[in-house]
Amino acid sequence: MAYTITMAVLALLAQAAGPAEKAAVDLKSPDAARRLLQNGRYAEAEEAYQAAESEAKKQKGGLTPQLEAALAMGTAECQASQGEYGKAIEVLKSFAGRQPKNADVTARLAELHFTRGDWDSADTAVKQTLDASADHLLGRWIAVRLLESRGKLEDAVKGCKWFVDHYNTRPPDLARNAQNLLLVGQAAERYYRATARGEELSDSLNDVINEIYEAALRADPNCWQAPWLEGKLFLAGYNERSAVKELARAQQINPLAPEILVTLGQADLQGYRLAAGRSKAERALAVNPHYGPAQVLLSDLNVSDERFTDARNAAEKAVAENPRDEDALARLAASCRLLVDPAGAAAAELMALSLSPRPATFYAAMGERLADRRKYLAAERAFLQSAQADPTRADAPIGLGMLYMQIGRENEARSLFDEAFAADPFNVRADNMMKVLKHMASYTPVETQHYSVLVDPTQDPLLGKYMGRYLESVYGELTGRFGYAPPGKTRIEVMKNHQWFSGRTIGLPFIPTVGACTGKVVALASPRSTRQAFNWARVLKHEVVHVITLQQTEFNIPHWYTEALAVDSEGYPRPQEWNKILLERVPSRSKLLNLDTINLGFIRPNEPEDRQMAYCQAQLYARYMLKRFGGDALIKMLMAYRRGLTTDRAIQECFQVEKADFEKEYLAYLDEVVKTIRTRVNEEKPVKFSQLERQLKENPEDADLNARMAYEHFARRDYKEARPLAEKALELKPHHPLASYVKARLLVTIGDDDAALALLEPALDPKRPDERVVDLLAELKMKSGQLDEAEKLYELARKDDPYHTKWIAGLARVHLRQKSTAKFLGDLAMIAANDADDISVRKALAERNLAGGNTMEAEKWAEECLHIDVYDPAAHVLLADAQSARDEFAPAVEEYKTALELKAKRPNDLKVKLAKAQLGLGQRDAARATLDGILKIDPDHPEAKALRTQIEHPASG
């Protein structure tokens with residue numbers, strides 16, 4: 001690697017500088033150049049090396065051969081650090097021509113040639129180095145790298161052992177030579193990973209960190225490479241916290257090193273902070289435009305962003321920088337595979353195989369990227385080939401284990417993680433997955449015809465049973481809608497809490513959702529462990545749609561489209577939050593997403609609302625296609641993705657329109673949608689109080705500003721200041737809506753409702769009613785008993801915003817007082833639809849429908865209560881009551897028993913209901929036993945006594 005050139009320069013400069021030079025450093029000294037180089041000020045360092053050379057030439061005998069070599073290598077390193085590899089090579093070649101037996105210079109040449117993929121030249125330079133100095137560490141290290149790259153792994157391991165043995169002999173100068181310590185550390189790390197396992201490997205790697213890399217930093221406090229290598233070691237094991245700590249130490253010394261920036265970007269990639277990772281890759285390229293690993297990182301980020309064309313472009317640039325780099329070739333193969341370019345993928349693979357018969361790095365990296373995009377079969381093949389090429393590696397079995405976890409093959413994953421953790425005891429992800437699998441070992445499945453629901457038997461057996469029932473109840477609906485049934489049983493895993501759910505899903509501590517789908521497995525955090533109850537049935541339905549559409553299209557469906565179909569399948573009205581965002585963004589066309597950017601809204605939102613906007617716009621894309629292209633439009637797109645088409649090609653083939661036309665008409669569709677959700681108060685842009693004060697001072701006769709200020713004072717309960725401002729606004733503009741509202745509220749506070757009504761009625765514009773005016777006016781009408789007038793006002797407000805809970809709740813209050821039961825229940829049903837997680841309104845619907853004799857609706861709403869809290873005994877009683885009323889005695893018996901197990905209130909009364917249901921089934925003995933149990937505890941229970949008598953003496957009943 002190029003950074004080792006720096007360390008050689010540092011060592012030689014330290015030797016070349018005399019005592020006086022060490023004591024007094026100026027800009028023309030080698031020490032000054034060295035410091036600039038290590039701090040990342042490469043252009044200045046290059047000038048400083050040139051100045052040092054000029055200064056040395058002025059002194060008789062000042063430019064010694066040793067100093068000249070150090071200056072040449074320093075200059076070359078400055079150039080290489082800025083991407084000027086050709087210049088750096090020429091500088092070193094020129095010097096080598098004058099000093100052909102200078103092993104330091106030829107070793108640096110070998111390193112640069114290797115970095116650029118010129119292995120033949122690297123071979124020549126290595127031979128020249130070792131002929132001159134058989135134990136030259138950098139020469140031996142490049143020889144090891146060449147063996148490794150050619151697939152001669154056993155020979156490479158032997159070469160690494162030489163370094164370990166060399167270190168153990170402890171040459172006197174080794175502890176003072178930071179460069180050589182770094183080389184020994186890297187070789188030792190490779191050797192121990194290949195030969196040690198478990199605790200022995202852990203101890204050895206700790207020794208590499210604490211005894212070798214830290215020694216290098218002690219030998220040279222400017223050696224940023226030491227903490228950088230420590231950070232890389234930690235990051236390879238997904239230990240981001242420890243990695244970032246070390247990388248921060250490295251950046252304190254050299255904030256511009258592309259090596260550090262790219263490694264930090266890789267940490268961002270692991271944490272899915274894609275924008276931050278991209279920024280670091282771009283900063284690295286600004287320093288060194290030809291730094292191949294930065295292009296590799298960009299390719300990875302683009303794959304995660306689902307920007308596969310950009311991923312291929314970045315991979316091609318990385319390959320151009322080093323045509324023999326397995327990491328670069330792996331990204332090229334993966335991006336071609338994701339772009340459905342099998343020829344391109346095969347060509348990259350053949351190139352890797354032509355370089356090495358055992359390209360383990362190539363296959364491991366390709367598998368990681370393909371698995372990231374759920375190309376499971378291709379990823380599995382790549383991981384297996386990597387493991388076969390180099391059985392000592394940990395990354396391939398860990399990647400394969402994660403893949404098997406994603407597709408529900410936990411037993412196979414378990415053995416892989418055991419093996420991988422032994423091969424990499426620093427690997428946090430492997431350790432976490434081993435803990436997850438150990439935790440899940442006690443889980444038990446609830447089997448249904450099409451699903452296997454895995455639950456913690458100590459916590460969620462009941463939940464698993466009801467989940468299975470629900471899933472089977474929607475199976476026909478979902479498979480029929482999409483025309484596809486996944487083969488075999490779909491696995492649903494309900495993790496005990498959110499921490500275990502996160503570990504199960506990504507092998508790391510946190511994921512910001514309660515449900516996730518890999519395409520083969522659905523995982524959920526148990527609702528019993530979350531702070532807020534949620535509708536698990538809604539989450540399940542959403543995730544199962546992902547299972548269907550991902551498998552149906554062989555995982556070619558883009559993120560936005562599977563989300564569109566999943567959201568639309570939930571069957572709930574568009575959330576009010578989405579309407580607000582649409583209202584803000586559609587008319588101005590600001591921050592709207594399109595087909596080129598919508599995936600980023602899910603993956604890399606610029607602000608929190610972008611993710612919600614992505615879900616909203618995705619669903620609206622689906623509805624737009626149905627409206628414009630007909631009822632089979634969604635299935636047509638699914639089939640196009642199954643054939644591997646991109647979205648652009650799918651639109652053209654399915655609908656015979658160009659993408660530009662498709663997008664243009666979609667915007668027109670959004671305009672139509674916005675017309676149906678106009679609101680009023682939310683259109684007011686918030687203004688700070690101090691800013692409003694300044695505006696009013698500048699425009700004291702502005703009615704709107706006076707009204708806004710009156711409202712602000714009223715909101716602060718400063719009624720004395722609010723009233724004159726409201727009255728002034730009304731003088732300037734009679735019937736001003738906001739001013740009328742403020743003054744009316746002030747009148748209400750003193751009990752003058754009649755005056756408030758008289759003020760509000762002329763302020764109401766039926767064509768564009770102000771939200772505050774209509775709300776207060778309707779409230780006052782209802783208060784005065786004018787229920788029909790209140791109903792008209794709420795209907796007026798709701799006209800332009802039909803799903804707004806505020807207006808529906810107002811209507812519900814009116815209809816309740818009017819005793820309009822059917823309307824009231826309709827209102828409650830709409831409120832329930834607006835909030836899938838609201839159990840209280842569903843209970844009210846179940847109770848009122850049951851009381852009204854509408855047992856079918858009662859049963860439906862009681863079941864929906866269980867979709868939010870299956871451990872609520874009252875919900876089970878409601879369901880059982882509805883079922884009994886419909887003579888569905890068998891399920892009613894089960895529900896009554898479940899309610900009793902959950903410690904329902906008034907258990908003896910509940911047991912009487914149970915006995916009646918048992919009688920309905922003809923289970924007289926069971927009913928008798930249930931009643932006897934009641935009477936044993938409460939001998940005078942009237943209903944139990946009467947029913948017991950009826951059983952024994954039917955005629956008397």
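1. A good place to start is the open sheet of 5 strands, which has the order 1-2-3-5-4 and mixed pairing. Strands here are DSSP runs of E, at least two residues long, and helices are runs of H or I of at least four, both numbered from the N terminus. Two strands pair if DSSP finds at least two bridges between them. The twist averages 20° from one strand to the next.

2. At the edges stand strand 1 (444-447) and strand 4 (515-517); each has a single partner strand, so one side of each is left without a neighbour in the sheet.

3. This is a predicted model, in which local features need pLDDT of at least 70, side-chain atom pairs count only at pLDDT 80 or more, and totals for chains, interfaces and linings use all residues. Residues are numbered from 1 along each chain as its sequence is written, and side-chain values use heavy atoms, with hydrogens and water left out.

4. Within the sheet, strand 2 (residues 451-455) and strand 3 (residues 490-495) run parallel and are joined by 4 bridges. Val-453 has Ile-492 of strand 3 as its bridge partner.

5. Now to the helices: the axes (lines fitted to C-alpha atoms over the stretch in contact, with angles from 0 to 180 degrees between N-to-C directions) of helix 7 (residues 103-115) and helix 8 (residues 119-132) come within 8 Å and cross at roughly 160°. Helix 7 and helix 8 are therefore roughly antiparallel, a label for angles over 145 degrees.

Definitions and conventions
Angles under 35 degrees count as roughly parallel, over 145 as roughly antiparallel, 65 to 115 as roughly perpendicular and the rest as oblique.
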